[in-house]
Amino acid sequence: MVKISDLDGKVIGLYFSANWYPPCRNFTEVLVGVYEQLKSSGSNFEIVFVSSDEDLNAFNNYHASMSWLAIPFSDVETKKALNRKFDIEGIPSLVVLQPNDIKDEATLSDGVELIYRYGVQVFPFTKEKLEALQSEEREKHETQTLTILLTNHDRDYLLGHSTPKQVPVASLVGKTIGLYFSAQWGVPCVKFTPKLVSVYQKIKQTMIENADEDFEIVFVSMDREQAEFQSYISVMPWLALPFGDPSIKDLAKHFDVKCIPCLIILGPDGKTVTKQGRNLINLYQEKAYPFTKAKVELLEKQMEEEAKNLPVSVQHEGHRHELGLVSEGTGGGPFICCNCDEQGSGWAYQCLECGYEVHPKCVRSVSGGSLVGR
């Protein structure tokens with residue numbers, strides 16, 4: 001038992017979580033590591049677990065994996081009051097309270113994102129600390145080069161498929177590079193990879209006709225086992241960082257990769273062109289190259305012109321209701337296509353009754369055939 005008064009003068013993290021939700025369990029592992037590092041260094045940080053578990057046994061098992069305090073499972077009123085006070089809409093959520101902050105002016109509600117992004121460096125979660133970290137982050141992005149991103153003191157090469165098996169990072173300088181964060185265990189990754197392989201090969205084919213340009217992809221593996229990595233890379237025609245390389249975590253943190261698959265595009269100067277490579281591939285396939293703002297604007301204009309020839313409404317064979325054509329300015333917006341399960345933006349066919357949305361290119365009318373390309 002710990003008295004509430006024992007927490008006076010400490011930075012407190014209210015951790016809203018539950019054992020039954022995988023993202024909570026995943027974040028708990030990360031949070032345990034950060035918490036133990038901070039405690040071993042003598043910091044005045046404490047966490048209080050606010051459980052959303054379904055029963056006492058689940059609560060006890062989950063809390064056993066944590067080295068911090070918890071609101072008793074039976075104290076339902078306090079848990080409800082904390083959820084209401086801090087407007088908790090989803091879990092995991094980490095709300096950070098500063099000592100002597102009576103009006104909650106310094107309270108942070110995005111502790112989960114901050115921990116994932118900065119780790120122990122984010123402590124003590126003050127405005128000044130966050131500004132310093134953000135400034136440091138901006139400076140890193142402004143000064144990034146391909147060599148800084150892809151090499152370390154033990155390695156200056158990438159893995160290739162053919163001889164030589166080791167490809168110097170220096171040989172990629174001046175090329176447009178895609179950093180492909182993916183893993184064989186991720187269903188969306190396995191679905192997207194064949195599409196990326198096809199687009200990559202088509203882009204490389206055009207390179208034969210234009211010797212002034214070049215494109216390469218580097219696989220940044222999030223696989224859990226060496227065998228998974230070896231199996232997955234066998235279907236990829238591009239380069240890769242070695243499995244378990246320390247640069248992998250640094251890259252995921254540097255580019256704030258929250259979900260996979262993720263395709264980060266770097267320009268010939270090594271600077272970030274876009275973090276939306278996956279979305280651009282889905283929308284424009286090989287036409288997206290070289291993924292620059294100017295190219296995307298051109299493609300958007302072309303899409304606007306093509307949309308003028310699309311029917312206002314369709315009967316899609318994969319859905320029972322009529323679908324209406326929408327854009328971001330007429331009720332549309334970013335979406336996940338219900339046909340191919342990939343991202344989309346701009347124009348879409350949408351069901352006003354149930355929210356079903358598909359890319360125009362994915363529509364198969366009941367009369368047969370695709371709407372796009374007619």
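**Close-up 1. Strand S7 and the two directions taken by its side chains.** In this predicted model, Thr176, Gly178, Tyr180 and Ser182 point one way from strand S7, Ile177, Leu179 and Phe181 point the other way, and all are buried. The strand, residues 176-182, is thus mostly covered, with seven of its seven residues buried. In a regular strand, the side chains alternate between the two faces of the sheet.

**Close-up 2. The partners of strand S7 in the sheet.** Strands of a sheet pair through backbone hydrogen bonds, in either the parallel or the antiparallel sense. S7 and S8 run parallel and are joined by seven bridges, and along this pairing Thr176 stands opposite Phe215 in S8. With strand S10, residues 262-266, S7 pairs in the antiparallel sense over five bridges, and here the bridge partner of Gly178 is Ile265 in S10.

**Close-up 3. Asp214 and its salt bridges to Lys175 and Lys204.** Lys175 forms a salt bridge with Asp214, in which the closest N and O atoms are 3.3 Å apart. Lys175 lies in the loop between strand S6 (166-168) and strand S7, whereas Asp214 lies in the loop between helix H7 (187-209) and strand S8 (215-221), so this pair ties together parts that are 39 residues apart in sequence. The side chain of Asp214 also meets that of Lys204 in a salt bridge, at 3.2 Å from N to O. Because Lys204 belongs to helix H7 and Asp214 to the loop between H7 and S8, this second pair ties together parts that are ten residues apart in sequence. Asp214 is partly exposed, with a relative accessible area of 24%, and Lys204, at 24% relative accessibility, counts as partly exposed too.

**Close-up 4. The salt bridge between Glu137 and Arg117, and the network around it.** Side chains of opposite charge can pair when their charged atoms come close. The side chains of Glu137 and Arg117 meet in a salt bridge with an N to O distance of 2.9 Å. The pair links distant parts of the chain, since Glu137 sits in helix H5 (residues 127-142) and Arg117 in helix H4 (residues 111-118), 20 residues apart. Glu137 is buried, with a relative accessible area of 16%, which falls under the 20% limit for that class. A network of salt bridges links Glu113, Arg117, Glu137, Asp256 and Lys258, and the structure as a whole holds eleven salt bridges.

**Close-up 5. The largest pocket and its lining.** Rolling a probe the size of a water molecule over the atoms shows where empty space is left. The largest pocket holds about 1,500 Å³ of space. Of the 33 residues that line this pocket, the closest to its centre are Val30, Tyr116, Met222, Ala252 and Val257. Helix H1 (22-40), H4 and helix H9 (247-254) are the elements that give two or more residues to the lining, and H1 gives the most, with seven residues. By class, the lining of the largest pocket has 16 nonpolar, six polar and eleven charged residues.

**Close-up 6. The second largest pocket and its lining.** About 730 Å³ of space lies in the second largest pocket, which is lined by 24 residues, those closest to its centre being Ile4, Leu7, Ile12, Leu14 and Val48. Strand S1 (11-17), strand S3 (69-70) and helix H3 (76-85) each supply at least two residues of this lining. Sorted by class, the lining of the second largest pocket has 14 nonpolar, five polar and five charged residues.

**Close-up 7. The open sheet of strands S12, S13, S16 and S17.** Four strands form this open sheet in the order S12-S13-S16-S17, with antiparallel pairing. Strand S12 (313-314) and strand S17 (357-358) stand at the edges, each with a single partner strand, so one side of each is left without a neighbour in the sheet. Strand S13 (residues 323-326) and strand S16 (residues 348-350) run antiparallel and are joined by three bridges, and Gly324 has Gln350 in S16 as its bridge partner.

**Close-up 8. The buried side of helix H8.** Phe229, Tyr232 and Ile233 are the buried residues of helix H8, residues 226-233. They cover an arc of only 90 degrees around the axis, which puts them on the same side of H8.

How values were computed
Residues are numbered from 1 along each chain as its sequence is written. This is a predicted model: local features need pLDDT of at least 70, side-chain atom pairs count only at pLDDT 80 or more; totals for chains, interfaces and linings use all residues. Side-chain values use heavy atoms; hydrogens and water are left out. A salt bridge is a side-chain nitrogen of Lys or Arg within 4 Å of a carboxyl oxygen of Asp or Glu. Buried means under 20% relative accessible area, exposed over 50%, partly exposed in between (1.4 Å probe, protein chains only). Two strands pair if DSSP finds at least two bridges between them. On a 1 Å grid over the protein atoms alone, a cavity is a set of points where a 1.4 Å probe fits but cannot get out, and a pocket is an open set with protein on both sides within 12 Å along at least five of seven lines; lining residues have an atom within 4 Å of a point. Grid points are joined across faces, edges and corners, and a volume is the space filled by probe spheres set on the points. Ala, Val, Leu, Ile, Met, Phe, Trp, Tyr, Cys and Pro count as nonpolar, Asp, Glu, Lys and Arg as charged, and the others, Gly among them, as polar. The arc is that of the directions from the helix axis to the C-beta atoms.
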